[in-house]
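Me: I should like to learn how to read strand pairing and helix packing in a protein model. Could you take me through one case?

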Amino acid sequence: MRNILFVISGPSGVGKGTIAKLLTERNKNVALSVSCTTRKPRENEIDGVHYFFISREDFKEKIEKDGFLEYSEHFGNFYGTPKEFVENKLLTNDVLLEIDVNGGIAVKEKFEKAILIFILPPSIEELKNRLKSRHSETDEQIAIRIDRLKYELEKEKFYDYSVVNDDLNTAVSEVEEIIEKEKNK
Ligand code: 5GP
């Protein structure tokens with residue numbers, strides 16, 4: 001059975017990180033990719049687990065060495081998917097990327113067989129409330145993320161599947177069903 005590259009994307013605050021984490025804990029054959037970022041770690045974030053937190057200089061160097069499968073800039077920081085990590089992992093595992101909408105589309109251009117899964121909120125109001133209650137960003141950062149919502153939601157049409165994150169366990173099960181379906185094709 002071939003290994004598959006899956007991508008989970010969706011608007012900021014939709015819970016895609018939690019879904020990706022739970023899913024990879026429950027399915028040991030699915031490896032979660034660790035991205036590089038120039039953003040500062042939030043409280044409880046661990047280098048090498050949540051992200052590789054690197055300097056802008058190191059990020060730039062990695063771009064020049066063609067070290068990213070894709071990368072983009074959000075909210076003033078750079079985020080990129082390390083190419084080598086993904087290619088190596090795919091030799092033995094399915095791989096899951098939890099990246100933004102543009103990253104997902106860029107990955108599909110390079111890996112035609114990648115399966116893109118879009119996570120939707122139950123409603124826009126609910127998502128705005130989630131963002132505001134996260135307490136990990138300043139009011140200004142939250143406002144920027146809310147402004148970006150419409151743009152992100154418009155990218156759903158480029159994705160192969162959509163899953164609504166109303167109940168976390170149901171959403172994870174739905175993503176698992178998609179994985180199983182794709183594996184059995
Ligand atoms: P956060 O700062 O909240 O961890 O992430 C901000 C955004 O960056 C999220 O939408 C997240 O999915 C996205 N992101 C994380 N890693 C990557 C990556 O490697 N590439 C791209 N394009 N986006 C990423």
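Reply: The following turns treat the sheet, then the helices that pack on it, in what is a predicted model.

Me: In what order do the strands of the open sheet stand?

Reply: Strands of a sheet pair through backbone hydrogen bonds, either parallel or antiparallel. In this model, five strands form an open sheet, ordered β2-β7-β1-β8-β9, with parallel pairing. β2 and β9 (161-164) are the edge strands, each pairing on one side only. On average, neighbouring strands of this sheet are turned by 25 degrees against each other, direction ignored.

Me: How many bridges join β1 and β7, and how many join β2 and β7?

Reply: β1 and β7 are paired in the parallel sense over four bridges. Within β7, V95 stands opposite L5, and E98 stands opposite I8. Strand β2 (residues 30-32) also pairs with β7 in the parallel sense, over three bridges. There A31 has V95 of β7 as its bridge partner.

Me: Is β7 largely enclosed or open to the outside?

Reply: Four of the five residues of β7 are buried, so this strand is largely enclosed by the rest of the structure.

Me: Which strands do α1 and α7 touch or lie across?

Reply: Helix α1 packs on the sheet and touches β1, β2, β7 and β8, its direction making about 160 degrees with that of β7. Helix α7 lies across β1, β2, β7, β8 and β9, and runs at about 160 degrees to β9.

Me: How should the packing of two helices be read, and at what angle do the axes of α1 and α7 cross?

Reply: Two packed helices are described by the angle between their axes and the distance between the axes. The axes of α1 (residues 16-26) and α7 (residues 168-183) come within 10 Å and cross at roughly 60 degrees. That angle makes α1 oblique to α7. The crossing of α1 past α7 is right-handed.

Me: Which residues of α1 meet α7?

Reply: T18, I19, L22, L23 and R26 of α1 meet residues of α7 that include L168, A171, V172, V175 and I179. Classified by type, this contact of α1 with α7 has eight nonpolar, three polar and two charged residues.

Me: Which residues of α4 are buried, and what covers them?

Reply: In α4 (residues 101-110), the buried residues are V101, G103, G104, I105 and V107. Their cover includes the strands β1 (5-9), β5 (68-74), β7 (94-98) and β8 (115-120), together with helix α6 (139-153).

Definitions and conventions
Residues numbered from 1 in each chain as written. Predicted model: local features only at pLDDT ≥ 70, side-chain atom pairs only at ≥ 80, totals over all residues. Heavy atoms only, no water. Axes fitted to C-alpha atoms, helices over the stretch in contact; angles between N-to-C directions. Parallel < 35°, antiparallel > 145°, perpendicular 65-115°, else oblique. Left-handed = near helix turned anticlockwise from the far one by under 90°. Contact = heavy atoms within 4.5 Å. Nonpolar A, V, L, I, M, F, W, Y, C, P; charged D, E, K, R; others polar. Buried < 20%, exposed > 50% of the residue type's maximum accessible area, 1.4 Å probe, protein only. Pairing = 2+ DSSP bridges.
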